[in-house]
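Please open the model in a viewer and keep the selection panel at hand. The stops below are to be taken in order.

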Amino acid sequence: MIKAAIWGGGTLEGGELIRLLAMHPEVEITEVEGQGLSGKSLTSHHHGLIGETTRNFSSSVDFDKCDVLFVCDETLGAEKVMSLRSRRPDLKIILLSRQAGLDYEKGGFVYGLPEINRKQMVRGATAAVVPESMASMALVALFPFSRNLLLSGEIAISVTAPQSIIEETDMMQVKREIETMLHSVQLSYDGEITIELHPSEARRSALMDIEFRCELNHEAMIELYDIYDDHNFTFITTTRVGVSEVAGTNKCIVGVMQPEEGNARLMVAADCRLRGASGEAIHIMNLLFGLHEKTGLALKAIDYNRL
């Protein structure tokens, strides 16, 4: 069994992570640190865990007794992370929250988007940083175009998401991630990326509308996504998508459309609490430990409305 510890388990991300790990067939949770929650039961702080765990929050984590450490808030700090990387190079570290001042390259952290960096994660990587949710959505949709050197000019992104998701998302970080990753794949791309935000009534999922210039015909655009045929959480459609397809899952669904000749339109849907968050963290863990990608993540959509 993989022994997993969580730092920052009192956060929303920590709660989602505990729910997933408690049901993961290959994982045993060893400790859950929570600022100001030491001794309090996990079930009294996070809903949906009664019957799944009797564990309490701890004041710290014994890093020598775990195989993987999930970091869900900023309180661990860059210095401690780098110390762990040096002292325990075998310890897998997955950051759901960025640590101020941390040198990710020096620490050997892989950008944890499996659709782009899966090979690095299955070939010896021991640390990864989880993408911002909206960056994950945009990059999954745009990567096939950048991989084929097809991006140029402005990319206009419009996001419809719950107000709570919008308020807690660092949009400058999202934009930096998208620009950095697209440029790393297509060195020639230096176009402007604009992002508009619109609140929705959905509970936890987002819809993203991406438009840009592209001379490919519709059929050729769809063929670009063949690179995802052996991936387990990204799916392509030619129709509009809604959050009812993804809520409660780690899926990212991309609708590929061509509103007019010379333009591409991508409609993307994902659950922001799982994709680019706790679900993506479990996906990364599975890859780092050589498990099947879907282990513990065969989740069924939980919303059945038209939002």
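Is R275 buried or exposed? At 0% relative accessibility, R275 counts as buried, the term meaning under 20% relative accessible area (exposed: over 50%; partly exposed: in between; 1.4 Å probe, protein chains only). The model is predicted, with local features needing pLDDT of at least 70 and side-chain atom pairs pLDDT 80 or more, whereas totals for chains, interfaces and linings use all residues. Residues are numbered from 1 along each chain as its sequence is written, and side-chain values use heavy atoms, without hydrogens and water.

Keep R275 selected: it is located in the loop between β12 (263–271) and α9 (278–288). Add E280, whose side chain forms a polar contact of 3.1 Å with that of R275; such a contact is a pair of N or O atoms within 3.5 Å, one able to donate a hydrogen and the other to accept it. Beyond four places in sequence, the contacts of R275 (heavy atoms within 4.5 Å) include S133, S136 and V140.

Next, select α5, residues 133–147; helices are DSSP runs of H or I, at least four residues, and strands runs of E, at least two. Of the 15 residues of α5, 14 are buried. The helix bends by about 40 degrees at A141, and P144 follows within four residues; the bend is the angle between axes fitted to the seven residues ending there and the seven starting there. Just after α5, L149 has a positive phi of about 60 degrees.

Finally, select L69, I155, I210, F212 and L266, which touch the most other members of the largest nonpolar core, a set of 62 residues. α5 gives the most to this core, with ten residues. A nonpolar core comprises buried Ala, Val, Leu, Ile, Met, Phe, Trp, Tyr and Cys residues joined through side-chain atoms within 4.5 Å.

Notes. The expected span of a helix is 1.5 Å times one less than its number of residues.
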